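Thank you all for making the time; I would like to take you through one model this morning, moving slowly enough that you can follow along on the screen. Please have the sequence and the coordinates open while I talk.

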Amino acid sequence: GGLFVLGTERHESRRIDNQLRGRSGRQGDPGRSTFFLSLEDDLMRIFGSERLDKVLSTLGMQEGEAIQHPWVNKSLERAQAKVEGRNFDIRKQLLKLDDVMNDQRKVIFSQRREIMEAEEVEEIVQDMRHEVIDDLVEQHIPPKSYADQWETEALAEDVRKKTGISAPIVEWAEEEGVDDETIRERLYEESDRFMNSKAEQFGLDNMRSVEKQVLLQTMDAKWREHILKLEHLRSVVGFRAYAQRDPVNEYKTESFQLFEGLLNALRGEVTEKLAHIRPLSAEEQQAMIRQMLAQQQAASAAASGKPPATKAKVATGFDENDPSTWGKPGRNAPCPCGSGKKFKHCHGRL
């Protein structure tokens, strides 16, 4: 037959209570369910049990006496409705915050897909480089400013760091009739010429591959950092409500500013990495090959359980036929002949 479900408290969600009641019916047979609760339970204590307690005390109810009254059920239902409404508001706000991140995710991943599907990203990289130059020129040569207010030395230094070119910006600024637009166009030409020469050194195919790899790796790293920043922002944005500000609007505003910072940092880092990348020289290639071979030998030795072979030094004045030149090494000390074995397993063998 059916079951008898005995509940010792009421859950804050009516859905859970209804699930427990549903457990009483089994294989089509009806069951019964009874819930016992106290006015000191968390659900009743938080949501107005004091007023109900005063009413019941006025009616002469004693402590420990069973209470069966519609007022109790109504009070409990109101408390559950309040909790469910609060939980609904929390989920609704979380969905709004997730929508903000989802919109930014769509932008980043659509750009990433375009980069992956494109055969060449030269134009994208060139646009990024030109935008970096625009930002530097606007920073050091403000619009509608006089020539004596230009920070040409700082501009030359920042251009060298970001784009890798050493342009005579100070001399350009001293020329007659030169404005910020002229300097910007000259920097465009110098940077494009510099990157074209770098592409010739690498080879066009290799350079296009390097550009795509650098762009994708930098985008992924910046996006991971951006997600972490948004998580930190979400954890503290709720405190803005104390200042009578809407946390959702504050989150949208600051996340948009962080996203703009992400795009600016992406342009700057990609431009800087590609500007300072260079092909390896013959000596560097040989050193890298030797290092890789040494790592492979060490890995194979570790896999076989044997320590990597090391070349021991031969003791000064060592003569294999004259034991007096061997010194007094311990039995577990390295043999002075330089074989790398212990003395007891080499010349000290009995």
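I will begin with the internal space, go on to a pair of helices, and finish with two single residues.

Please keep in mind throughout that this is a predicted model, and that the values I quote are computed from it.

When the whole structure is searched for cavities of 30 Å³ or more, one is found, and the space inside the largest cavity comes to about 40 Å³. Which residues line the largest cavity? They are V125, R129, T163, M195, T271, L274 and A275, and by character this lining divides into four nonpolar residues, two polar ones and one charged one. If we ask where the lining comes from, α5, which spans 122-140, and α10, which spans 247-276, each supply at least two of its residues, with α10 giving the largest share, namely three.

That brings me to how these two helices are placed with respect to each other. The axes of α5 and α10 come within 9 Å and cross at roughly 110°; since angles of 65 to 115 degrees count as roughly perpendicular, α5 and α10 are therefore described as roughly perpendicular to each other. On the α5 side of their contact we have V125, M128, R129, E131, V132 and D135, and these meet L266, R267, G268, V270, T271 and L274 on the α10 side. Taken together, the residues of this contact divide into six nonpolar, two polar and four charged. You may recognise V125, R129, T271 and L274 here, because those residues also belong to the lining of the largest cavity as well as to the contact of α5 with α10.

Let me now turn to the single residues, starting with Q244, which sits in the loop between α9, that is 204-236, and α10. Although Q244 is not a glycine, its phi is positive, at about 60°. Is Q244 buried or exposed? Its relative accessibility is 73%, so Q244 counts as exposed.

H226, by contrast, lies in helix α9, and with a relative accessibility of 2% it counts as buried. Leaving aside residues up to four places away in sequence, H226 touches Q104, S255, L258, F259 and L262. As a last point, H226 and S281 are 55 residues apart in sequence, while their C-alpha atoms are 37 Å apart in space.

Key
Residues are numbered from 1 along each chain as its sequence is written. This is a predicted model: local features need pLDDT of at least 70, side-chain atom pairs count only at pLDDT 80 or more; totals for chains, interfaces and linings use all residues. Side-chain values use heavy atoms; hydrogens and water are left out. On a 1 Å grid over the protein atoms alone, a cavity is a set of points where a 1.4 Å probe fits but cannot get out, and a pocket is an open set with protein on both sides within 12 Å along at least five of seven lines; lining residues have an atom within 4 Å of a point. Grid points are joined across faces, edges and corners, and a volume is the space filled by probe spheres set on the points. Helices (H or I, at least four residues) and strands (E, at least two) are DSSP runs, numbered from the N terminus. Ala, Val, Leu, Ile, Met, Phe, Trp, Tyr, Cys and Pro count as nonpolar, Asp, Glu, Lys and Arg as charged, and the others, Gly among them, as polar. Axes are lines fitted to C-alpha atoms, for helices over the stretch in contact, and angles run from 0 to 180 degrees between N-to-C directions. Angles under 35 degrees count as roughly parallel, over 145 as roughly antiparallel, 65 to 115 as roughly perpendicular and the rest as oblique. Contact means heavy atoms within 4.5 Å. Buried means under 20% relative accessible area, exposed over 50%, partly exposed in between (1.4 Å probe, protein chains only).
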